[in-house]
Amino acid sequence: MLKLENFFDFMEESFDYLLVLDENAKVIHASEEIASDAFPDNGPLKGRSIEELLTSFSVATVRSAMSQAKAGTRGIVVLSTEDDGSLHIPLKAGYLIGDDGDVYPLFGNRLEGLTRGDAWEKDERIKELACLYSVAELIEGSLSIPDFFTRFPRTLGQGMLYPDEVVIYSRYLGVEYGQKPTSKNHLRVPLVVAKEEKGEILVGYQDDDHELLPEERKLLDEIGRSLKVALERKEFGEKIHLMEEEEEDYNKRLEQLRGEIESRTKELEEQKNKLSIVDSYLDRVKGGWEESKSRLETMFKVIPDDVVLIDKKHKVVMTNRDDIEPGTYCYTSYFHRDKPCEDCRLARILRDKTPVMLTMKMDERYVQVHALPVFNQDHEVDGILEFYRDITLEKTYDQQLQQADKLASIGQLVSGIGHEINNPNQFIRGNIRIIQQSLEDMLPIVDDYVKEHPDLKIARLNYDFFREHIMTLVDDMAHGSERIKAIVEGLRTFTRKDEGLLVDQVDINTLIETAARLVYNEVYKHADIEFDLSPGVPAFTGNSQKIEQVLVNLIVNASQAMPDGRRGMIKVATHYEKGMITILVEDNGKGMNESTVKQIFNPFFTTKRAKGGTGLGLAIAYRIIEEHNGKIQVRSKPGVGTTFIIRIPAPKAAPPAGEHK
Ligand code: ADP
Ligand code: MG
């Protein structure tokens, strides 16, 4: 076994300068030559720190020795100096196999041009390049930035002089990898991306035993630069990086996916389009439906007639009447019955499938009903649509028109024939009077004549019989002629609408008393007259004579209504309220039944024809009151009596009738 001492001897055979230091830079061995040449006056060197021993003289000596060593004549030492003069001592020894196959022990590599052979340098350079290459590969091959920084120390470590003891720390974008080197003796490589420092790499050895060599610095600098480029190329490293093949695959897949997505998107787009068409169609349909519904509802509401849609089961489907709920039975809600009407139009239409039109009387009103069948698609009757039109007014107008027509034609007729009748009637009346007088004068003469001629016959009648009746016959004629006159006059009054202007201040109370006096003789036989005249009744503008005629008619009628053998009572009253004068003519006579009441204002209606009634009195009264903007009404009960009520408007402000005289 080779002992260290023997090794030194062996070395000294080849090199005259030999200095061996231990890990603590203390001299283990120094050849006699180097001790005396480089460190004179120092006594034994062994065990002493090289740092205390080293002087510029010794360095210069070693240097010259080294240049000789280069020439292969001298041994070498292991020293290194920095430019500032401080010493750095690499403490690991190495060796080199020369081209001749000799082994050269090396104790450092810092002394320029001295410590390494070319081969060693080449070797180191290869190692360096290999490291750079590995790092470049790592950069390319890393899946991500964290992946890179995790794998980075091992790759880098291989390029370092002492791979097992290297400490590498990286920080990038706030993420840290590895431990920070504790030794001050480390190198920092800033990671600059886009001119901004985003992180750093610290490289050092576990302890201060090892020095970072300039080569290592250079290597790190270079790695820093390529990292910077890589990081920049990777868009600051924020993207996942894939290996090329993977990337190709990925791109292919991506392309495929893109295609798929595109076609799916197209499909979806098409479906969406279709859907939106359907949607907008539905919207339109819905809108149209809403619109027609609301239009129908509005139409329904504005129809003045009642409209109702009824289904086959008599249920109201739709109606424009607010008081009728859809869903109720038509016979209940419209006719207040609990089962269908006997003359049910629905039943009729279900049977005949044809519309029905009719006029009904509901309470006091006339209603025209149009009922139309509503067919379904199979042309079966599904229900009916009914229109109810209130025609009460039309009916009334109709009746009034008919009445007016009647009156007008009567008027024309009367004014035509009135004249024709009146003239001959005047002759008749005049002549009858002459005949009466003639007879009165002639009869005593004839009487005398008969005494001598008892068989005398006149108009084939025995004279006695003739004598007894002739005057009655003539009286009857006179009476008949008078009646003709009365009727014609009455008709004239009735038709002569415009005659008699309404220009008097009519004082109704006074007028009533006058009228009563006028008819006193006729009335007195049947009834007493009582007055209840309100003094507050104002005068009104009208025709006194005509009003008087009305009063006379009413009072006479009342007296004529008294049953035979009972004296009746007639009461005439006036009163005034809210601009309206009311005149009451009340009797306790026979009264009238309903059908008589309905007709009394019709001209020529009379129940007293036999007693000379013309039936014109009330017709005339009606017309006169109408001319005064008033109303005449009647209340009557058979066996109880009759009351005529006249209302005539009179302005409130007019002074009371009394003050006007
Ligand atoms: P006239 O008196 O000529 O019959 P009017 O027009 O005056 O004609 O009357 C028409 C009919 O009205 C009468 O015939 C009578 O039947 C009825 N009438 C009128 N006034 C009364 C009354 N106060 N009481 C009962 N019936 C009456
Ligand atoms: Mg009368």
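**Notebook: asparagine 509 and the shell of ligand 1**

I looked up asparagine 509 in this predicted model and noted that, because its relative accessibility is 12% and the cut-off for buried is under 20%, asparagine 509 counts as buried. I then checked the secondary structure and found asparagine 509 placed in helix α13, which covers residues 508-518.

Next I listed what asparagine 509 touches, leaving aside neighbours within four places in sequence, and I obtained Leu533, Ser534, Pro535 and Thr574. For serine 534 I also noted a polar contact, in which its backbone oxygen lies 2.8 Å from a polar atom of the asparagine 509 side chain.

I turned to ligand 1 and asked which residues surround ligand 1 most closely. I counted 18 residues around the ligand, and the closest are Asn557, Asp587, Thr606, Thr607 and Leu618. By class, I recorded eight nonpolar, eight polar and two charged residues in this shell.

For the polar contacts of ligand 1, I noted that an N or O atom in the side chain of threonine 606 is 2.6 Å from an oxygen atom of the ligand. From glycine 617, a backbone N or O atom lies 3.4 Å from an oxygen atom of ligand 1, whereas threonine 642 places a polar side-chain atom 3.5 Å from a nitrogen atom of the ligand. I then looked up the areas and found that ligand 1 taken alone exposes 520 Å², of which the protein buries 93%. Lastly, I recorded the elements that give two or more residues to the shell, and these are α15 (544-560), α17 (617-627) and β22 (641-649).

Note on methods. Residues numbered from 1 in each chain as written. Chains lettered and ligands numbered in written order. Predicted model: local features only at pLDDT ≥ 70, side-chain atom pairs only at ≥ 80, totals over all residues. Heavy atoms only, no water. Near = heavy atom within 4 Å. Polar contact = N/O pair within 3.5 Å; in protein donor to acceptor, adjacent residues only side chain to side chain. Areas by Shrake-Rupley, 256 points an atom, 1.4 Å probe, with all protein chains shown as cover. Helix = DSSP H or I, 4+ residues; strand = E, 2+ residues; numbered from the N terminus. Nonpolar A, V, L, I, M, F, W, Y, C, P; charged D, E, K, R; others polar. Buried < 20%, exposed > 50% of the residue type's maximum accessible area, 1.4 Å probe, protein only. Contact = heavy atoms within 4.5 Å.
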